[in-house]
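User: I have a model open and want to work through it step by step. Can you take my questions one at a time?

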2 protein chains.
Amino acid sequence: VPDSEQALLDWLRRFLDRGRPALIGDDAAKLRLRGDFAFTVDTQEEGRHFPRGLDAARVARRLLAVNLSDLAASGARPALGFTALAAPAHFDHRAFFRALEAAARAAGLRLAGGDLTASDRIRAAFFAVGRRPRGGRWLSRASARAGDVLWVGGILGESAAGRLLLARRSRLAGPAARAAIRRHLTPRPQLALGEWLGRRRRAAAIDVSDGFALDLHRLCRRSNVGARVAADALPAARGFAALCAALRVDPLSLQLAGGEDYVLLFTLPERVAPPAPLRCAPIGEITATRQVVLIAAGTSRPLPAAGWDHFAAASAGR
Amino acid sequence: VPDSEQALLDWLRRFLDRGRPALIGDDAAKLRLRGDFAFTVDTQEEGRHFPRGLDAARVARRLLAVNLSDLAASGARPALGFTALAAPAHFDHRAFFRALEAAARAAGLRLAGGDLTASDRIRAAFFAVGRRPRGGRWLSRASARAGDVLWVGGILGESAAGRLLLARRSRLAGPAARAAIRRHLTPRPQLALGEWLGRRRRAAAIDVSDGFALDLHRLCRRSNVGARVAADALPAARGFAALCAALRVDPLSLQLAGGEDYVLLFTLPERVAPPAPLRCAPIGEITATRQVVLIAAGTSRPLPAAGWDHFAAASAGR
């Protein structure tokens, strides 16, 4: 039997506020804040950002992860979150909020409120508030300089391969396929890397959500610079080439434009490198030319700003 | 021609940040905050909260108004807002944001970020941040006490009549019908009243969104009290009885359960009354019994917690 709204709200209040000063239950959550805060909003919709039928706990974890990734790209430490959830009556709201609360707690974020409505499919917007850590600086897209090294915080293309596997209801099994689906459904926001970058003297950062090439262009535009990227240097998952061959897709295209990688793309001055455990890869350099260039198979060519355009995607029915 | 996402984002950044320190354009908006803040989220969906085909500017103003109403019920002064907008490609995003920005500015709120996605219909979540005014206290649902006077900040039932007129594509004309539609489409959040209440020593408040009776029950439950309400005292719009007769609906039912009035329902100790220009009406009293009772036509009966249950409404297809 689906919850009545009041029963669900009562449960949420008990569940989320247990043993702490109440935040849920009034028209607004009230908080005393002092410091520097980062605010971000990201939305997930069934059939668009994740496949229909995905269980409520995974929806919750994905929603949180994409928002935490924006905080990571700011150098922020997660603090507060608010959920605007629209879902069908049969949706398991309690499983959603249990998973959301557990994942939020693990990241240091407190769920402080939200809004519930009914809808024909699951649509969730999340509003995340992060705090600038003591001794940290804000990261921005605007602080790359010619001569900086361009880095990426993790693997590119694997999430898009996972999306393809799900979209095509592929029967491909094996560890590479399973890992790709896992990465697509549950991105891992790079919060530790973001905080580390925030403690550098200067670092530019963006998270790769709409596609590596598009997000690189965004970073370059905001910084008034260009970039030269080595295709060979882009980190790929183990077994990625074979998986792409089985999927009949070009691995480099997936890496460049597949999107939803939720790794950080960032720049650092020469001679500054992230510690090895953060597993980052240098992939190119920032140039003064304002052009974005890809070096592949020994030749260099302009890299177009291709990736996920939400509006183009919508008209193309993707 | 619909905007490309990038063109729209560039326009938004220029439009919203003009002449001020930039908030738009990175993965998160960064702000220094010091004080007491109220956070609230409210969602509006086409065909559910407002009629299909409503122009973009009205959608924007309604979205803002319902969120500001939550801030009003907290005694907060509007400060910041974030929009998660999902809309079809043909939606006039620029008209939406122009109207949103103008209405936000008039209320003292700055649009500081958001998220755009494509969707088959308009769905917008808004995250509003308000600040506790100097010398003000937070309002809460939990601070009503037996013996308090129960007040309402404005007219009940008119918005629901407007919703009926729109839903039935009624041809009823006349000033009462036009006023009802106007009130339904563009609620007027009672921010001045909220601030005034916040300067009292003790006041409980809630905004009437899901229906007077349901929201009164919520206030009473959180305060562990009951209430006695005089049906005759509920403020109605001019011509409301005639309008309801033409619509063949019971006026009292609309006032009690119609919802979306976005007026404040509040309690004050005896001998404290809002100034006349705020046009509030005393409608009953708070009791120790934990029962909510309506006095109508000389007899008293329990007032059920009827109103808009989002889940029940969804299954009923409303």
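User: Which residue of chain A comes closest to the rotation axis?

Analyst: Keep in mind that this is a predicted model. Distances to the rotation axis are taken at the C-alpha here. At 2.1 Å, the residue of chain A that comes closest is Arg34(A).

User: What turn lays chain A on chain B?

Analyst: Two copies of a chain are related by a rotation about an axis and a shift along it. Here the shift along the axis is 0.0 Å, and the RMSD is 0.0 Å. The copies are thus related as by a two-fold rotation axis. The turn is 180°.

User: Why do the copies meet through the same surface?

Analyst: Take the interface residues of chain A and look for them in the interface of chain B. The copies meet through the same surface because the share found in both is 99%.

User: Which strands stand at the edges of the seven-stranded open sheet in chain A?

Analyst: The order is S6-S8-S5-S9-S7-S10-S11, with mixed pairing. An edge strand has a single partner, so one side is left without a neighbour in the sheet. That picks out S6 (204–207) and S11 (299–302) of chain A.

User: Which residue in S9(A) is the bridge partner of Ala227(A)?

Analyst: Strand S7 (residues 226–230) of chain A runs antiparallel to strand S9 (residues 281–287) of chain A. Four bridges join the two. In S9(A), the partner of Ala227(A) is Ile286(A).

User: What angle does the direction of helix H7 of chain A make with that of S6(A)?

Analyst: Helix H7 (residues 212–223) packs on the sheet. Among the strands it touches are S5, S6 and S10 of chain A. Its direction and that of S6(A) make an angle of about 145°.

Methods. Residues numbered from 1 in each chain as written. Chains lettered and ligands numbered in written order. Predicted model: local features only at pLDDT ≥ 70, side-chain atom pairs only at ≥ 80, totals over all residues. Heavy atoms only, no water. Pairing = 2+ DSSP bridges. Contact = heavy atoms within 4.5 Å. Axes fitted to C-alpha atoms, helices over the stretch in contact; angles between N-to-C directions. Least-squares fit on C-alpha atoms with pLDDT ≥ 70 in both.
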